[in-house]
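Here's a quick briefing to read with the model open next to you. Keep the viewer handy and click along as you go.

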Amino acid sequence: MSDERSRREVLGTAARGAALVGLAGLTGVLAVKANKTYAWSIDITKCVNSKLGALGVDVCEACATDCVLTLSAVRAVNEFSECGRCYICPAYYDITSAVGPDGLPSEKLCPRDAIEREAIGWIDPDDPANNFYEYTIDEKLCNGCGRCVMECKEPAGLGSIRLEVRHNVCLDCNRCSIATACPEEAYERDALSTV
Amino acid sequence: MKLETNRAIASNQFSEALRGVALDGEGRVYAVGDSSVKVFSSEGELVRQWKTALPGQCVAVDDGGRIWVGEFEQVEIFDAEGRLADTWKDAGRLGLVTSIGIRDDDVFLADATARWIRHYNRVGEFLNNIGDRHRKGGFHIPNGVVDFAIDADGILHVANPGMHRVERYKPDGELLGHFGRFDGRDPAGFPGCCNPTNLALDSSGRVVVSEKAGPRIKVYDPDGEFLEVVTDDLFDPAAKNMDLAVDAGGRIYVADPVALEIRVLSRRAETVP
Ligand code: SF4
Ligand code: SF4
Ligand code: SF4
């Protein structure tokens, strides 16, 4: 078994673990919000920032700007099991910025510096290009502006970063102001039994 | 004179996928996509087609006119009429075959599952891997494809997109050197997360590469000096892993997997036949 395949299996296990934690978290939310019958969610196949084929269009920042909360209830999430773990991630770096002396883009993409980059697995001591990197989004800093989501989309990236509503933060407004602003009808109200 | 095109081959011939393109000594064009091989005259006329057992990922034509099609965990070999002559499997070793090179007694199969290249002899005996001595255990291919070409001296030129390099290997797997660097502004460099994705050599040893996001074609001299870039709106913006072939006249055949057609780049504008 190659390093890659064994690591993919580990990552797959980690992703399943994260999904279970997410479910457990959601169960807690449902318990807290037992009187609620719905929750808001984003259809990533409709959101312009993640919709395949929507290339060369402006980033939609409505999820960041239109939430009634000061820091939006929407955050970006990187699904590690789908990430290419690239040396130069177009969601982390501004890949159009000038190249620095280290051979990397000199500027980052995220305006809130909410993405962490870390070499993972066995590290090549001589060649940083010969490593895999994990990109983790700090939920406390992210405001869901969607820029990294747009840059991670195929074909530039693998589409592993997407926007999600944080149900432990969302106020479950009856008329979500993001849903009203959303130009793509991507912001949906789901019956809780189907969430 | 700059490279340009106004000619396409295989338009409206594939409905879901177009993954590989190759040429034979007569200038015929071989395309694999969906689950079929389609052969076109040099003028672009469909002359023959047949089904493959699995979706074809790549295609090559050997000096005897046999057509090799890379698939998942196997290679199908057809005679010039499209009759199945042989099927190679190497259970437990061979994964998704995304590029094929044949030279003298050697057969090289790019294995995108393992992320390296398998070296066999002509009767299918495994000899060695190429790229497995990379300390990270293979080529970096977030794009999902390993592509390479063999030069007149038998040296393999391999695209290593995640490292923004083109690497050269001896058939025994020894790394001879590489060129390339990341650059999102200067076309001499390779932009984005992972470029170049695909690679071919012309008869002078120049290295022709394709890139994704945005799709473009570039040419480097045999030492890796940047010569030329073609970046207009020829290709669908979503196109990635555009396979390449170059004929004896220097024409570059580019398989656009989204537009589902093969664009022909040449130094003299050609009229649509
Ligand atoms: S959504 Fe915006 S704020 Fe959040 S990580 Fe991406 S670029 Fe940064
Ligand atoms: S329902 Fe309210 S709190 Fe939740 S995302 Fe919409 S506006 Fe923000
Ligand atoms: S408002 Fe709609 S289109 Fe805009 S980022 Fe949010 S979900 Fe996507």
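**The big pocket and the rest**

The largest pocket has a volume of about 1,200 Å³. It's lined by 48 residues, and the closest to its centre are B:Leu23, B:Val61, B:Ile150, B:Leu201 and B:Val246. Keep in mind that this is a predicted model. The notes below start with that pocket, then move to the ligands, chain A, the cavities and a few backbone oddities.

**What lines the largest pocket**

- Six strands of chain B each put at least two residues into the lining of the largest pocket: E2 (20-23), E6 (58-61), E10 (97-103), E14 (148-150), E18 (198-201) and E22 (244-246).
- Which strand gives the most to this lining? That's E10 of chain B, with six residues.
- By class, the lining of the largest pocket splits into 24 nonpolar, 11 polar and 13 charged residues.

**Ligand surroundings**

- Ligand 1 has 13 residues around it, and A:Cys110, A:Cys142, A:Cys145, A:Gly146 and A:Cys148 are the closest.
- The shell around ligand 1 is made up of nine nonpolar residues, three polar ones and one charged one.
- For ligand 2, the surrounding cysteines to click on are A:Cys67, A:Cys170, A:Cys173 and A:Cys176. The residues around ligand 2 also include A:Trp40, A:Val68, A:Leu69, A:Ala73, A:Leu171, A:Ser177, A:Ile178 and A:Tyr187.
- Sorted by class, the ligand 2 shell has 11 nonpolar residues, one polar residue and no charged ones.
- Ligand 3 is surrounded by 13 residues, with A:Cys47, A:Asn49, A:Cys60, A:Cys63 and A:Cys182 coming nearest.
- The shell around ligand 3 holds 11 nonpolar residues, plus one polar and one charged.

**Chain A at a glance**

- Chain A has four helices and six strands. Reading from the N terminus, the order is α-β-α-β-β-β-α-β-α-β.
- How much of chain A is buried? Of its 195 residues, 46% count as buried.
- Take the contacts in chain A between residues at least 6 apart in sequence: 71% of them join residues at least 24 apart.
- Chain A exposes about 9,900 Å², and carbon and sulfur atoms supply 55% of that area.

**Closed cavities**

- There are seven cavities of 30 Å³ or more in the structure.
- The largest cavity holds about 140 Å³ of space.
- Lining the largest cavity are 19 residues, and A:Gly84, A:Cys86, A:Cys152, A:Gly157 and A:Leu158 lie nearest its centre.
- That lining of the largest cavity breaks down into 12 nonpolar, five polar and two charged residues.

**A loop residue that touches chain B**

- A:Ala98 sits in the chain A loop between strand E2 (74-78) and strand E3 (115-120).
- Leaving out residues up to four places away in sequence, A:Ala98 touches A:Leu104, A:Pro105, A:Ser106 and B:Arg185.
- Why does A:Ala98 count as partly exposed? Because its relative accessibility is 31%, and the partly exposed class runs between 20% and 50%.

**Backbone oddities**

- Some background first: most residues other than glycine have a negative phi, and most peptide bonds are trans.
- The peptide bond from A:Glu154 to A:Pro155 is cis, with omega near 5 degrees. You'll find A:Pro155 in the loop between helix H3 (147-152) and strand E5 (161-165) of chain A.
- Going from B:Ala213 to B:Gly214, the peptide bond is also cis, with omega near -5 degrees. B:Gly214 is in the chain B loop between strand E19 (207-211) and strand E20 (216-220).
- B:Glu73 isn't a glycine, yet it has a positive phi of about 65 degrees. This residue is in the loop between strand E7 (67-71) and strand E8 (74-78) of chain B.
- B:Glu73 counts as partly exposed because its relative accessibility is 42%.
- B:His164 isn't a glycine either, and its phi is positive at about 55 degrees. Look for B:His164 in the loop between strand E15 (156-160) and strand E16 (165-169) of chain B.
- Is B:His164 buried or exposed? It has 1% relative accessibility, so B:His164 counts as buried.

Methods
Residues are numbered from 1 along each chain as its sequence is written. Chains are lettered from A and ligands numbered from 1 in the order in which they are written. This is a predicted model: local features need pLDDT of at least 70, side-chain atom pairs count only at pLDDT 80 or more; totals for chains, interfaces and linings use all residues. Side-chain values use heavy atoms; hydrogens and water are left out. A residue is near a molecule or strand if one of its heavy atoms lies within 4 Å of it. Ala, Val, Leu, Ile, Met, Phe, Trp, Tyr, Cys and Pro count as nonpolar, Asp, Glu, Lys and Arg as charged, and the others, Gly among them, as polar. On a 1 Å grid over the protein atoms alone, a cavity is a set of points where a 1.4 Å probe fits but cannot get out, and a pocket is an open set with protein on both sides within 12 Å along at least five of seven lines; lining residues have an atom within 4 Å of a point. Grid points are joined across faces, edges and corners, and a volume is the space filled by probe spheres set on the points. Buried means under 20% relative accessible area, exposed over 50%, partly exposed in between (1.4 Å probe, protein chains only). Contact means heavy atoms within 4.5 Å. Accessible areas come from the Shrake-Rupley method with a 1.4 Å probe; for residues, only the protein chains shown count as cover.
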